[in-house]
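Colleague: Could you walk me through this model while I have it open? I would like to begin with how its pieces pack.

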Amino acid sequence: MKYNRFEDLPVWKAAVDLATKIYDLTNTTEFRRHRSLRDQLERAAVSVSNNIAEGFERGTTQELLTFIYIARGSAGEVRSMLSMLKRFPNFDSLRPQFAAIAPLSESISRQLRGWDESVQNSSVKGQRYLNAEAQRREQRNRERNEYVAKLRREHEQRIAELESARLKEAALKERSSEGDESKQT
């Protein structure tokens with residue numbers, strides 16, 4: 001699926017959800033005396049969605065990859081801080097929230113890893129390089145790949161049909177030979 005706006009990206013939506021959950025968490029009384037920890041955790045959480053957005057809006061694949069990596073790093077930073085805070089006695093009452101938020105951050109990291117692999121395997125260098133000729137070439141490649149995939153599906157379907165027909169014929173011959181044997185006895 002092709003996305004035209006970063007706001008439509010599922011990973012961006014998850015990153016915004018992560019930031020919201022982090023802000024809800026840091027708004028608790030336990031964080032009041034730990035302003036630097038609170039600020040760092042909030043900055044890391046906000047950095048995830050902001051870097052996804054900035055990379056998406058850039059004009060080249062390399063810039064997109066750079067910002068995907070930064071976003072992944074920020075998601076990792078959130079997980080690291082949550083793990084560290086679990087060890088502080090002042091935050092014991094927040095352990096259930098830490099445990100609930102960490103998987104979301106991990107999911108975002110996995111999504112970003114999948115996206116970066118997809119982008120790395122793409123022949124497109126980025127929007128900045130997509131002139132009319134490059135767009136036509138990319139469209140022809142997509143159409144060719146779709147056609148080849150369709151031919152493969154049709155070929156596999158034909159093989160399955162032939163195998164089914166062969167099995168039916170074999171079953172008919174077997175029944176016919178059983179009928180011949182019963183006539184002879």
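Modeller: Let me fix one term before we start: contact means heavy atoms within 4.5 Å. The model is predicted, so local features need pLDDT of at least 70 and side-chain atom pairs count only at pLDDT 80 or more, whereas totals for chains, interfaces and linings use all residues. Residues are numbered from 1 along each chain as its sequence is written, and side-chain values use heavy atoms, with hydrogens and water left out.

Colleague: Okay, which residues of α2 meet which residues of α3?

Modeller: On the α2 side (a helix here is a DSSP run of H or I with at least four residues, numbered from the N terminus) the contact is made by Leu37, Gln40, Leu41, Ala44, Ala45, Ser47, Val48, Asn51, Ile52, Glu54, Gly55 and Phe56. Their partners in α3 are Leu64, Phe67, Ile70, Ala71, Ser74, Ala75, Glu77, Val78, Met81, Leu82, Met84 and Leu85. By class, this contact of α2 with α3 has 17 nonpolar, five polar and two charged residues, where Ala, Val, Leu, Ile, Met, Phe, Trp, Tyr, Cys and Pro count as nonpolar, Asp, Glu, Lys and Arg as charged, and the others, Gly among them, as polar.

Colleague: And at what angle do the axes of α2 and α3 cross?

Modeller: They cross at roughly 160° and come within 8 Å of each other, which makes α2 roughly antiparallel to α3, a label for angles over 145 degrees. The axes are lines fitted to C-alpha atoms over the stretch in contact, with angles from 0 to 180 degrees between N-to-C directions. The crossing of α2 past α3 is left-handed, that is, the near helix is turned anticlockwise from the far one by less than a right angle.

Colleague: What about α1 and α2, at what angle do they pack?

Modeller: For α1 and α2 the angle is about 165° and the axes are 9 Å apart, so α1 is roughly antiparallel to α2. Their crossing is left-handed. Val11, Trp12, Ala15, Val16, Leu18, Ala19, Ile22, Tyr23, Leu25 and Thr26 in α1 meet Arg38, Leu41, Glu42, Ala45, Val46, Val48, Ser49, Ile52 and Ala53 in α2, and the residues of this contact divide into 15 nonpolar, two polar and two charged.

Colleague: Then α3 and α4, how far apart are their axes?

Modeller: The axes of α3 and α4 are 9 Å apart, with a packing angle of about 160°, and the two helices are therefore roughly antiparallel to each other. The crossing of α3 and α4 is left-handed, and by class their contact has 16 nonpolar, five polar and seven charged residues.

Colleague: Switching to α4 itself, how many residues has it, and what does its buried side pack against?

Modeller: Helix α4 covers residues 95–120, which is 26 residues, and reaches 37 Å from its first C-alpha to its last, close to the 38 Å expected at 1.5 Å a residue. Its buried residues (under 20% relative accessible area, 1.4 Å probe, protein chains only) pack against α1 (10–26), α2 (35–57) and α3 (61–86). Among them are Phe98, Ile101, Ser105, Ile108, Ser109, Trp115 and Asp116.

Colleague: Is Ala75 buried or exposed, and what is it in contact with?

Modeller: Ala75, in helix α3, counts as buried because its relative accessibility is 0%. Leaving aside its neighbours within four places in sequence, Ala75 is in contact with Val48, Ser105, Ile108 and Ser109. The C-alpha atoms of Ala75 and Ser105 are separated by 5.5 Å, with their positions 30 residues apart along the chain.

Colleague: Where is Phe88, and how far is Phe88 from Glu163?

Modeller: Phe88 is in the loop between α3 and α4, and at 30% relative accessibility Phe88 counts as partly exposed, a class that runs from 20% to 50%. Phe88 and Glu163 are 75 residues apart in sequence and 66 Å apart in space, C-alpha to C-alpha.

Key
Expected span 1.5 Å × (residues − 1). Parallel < 35°, antiparallel > 145°, perpendicular 65-115°, else oblique.
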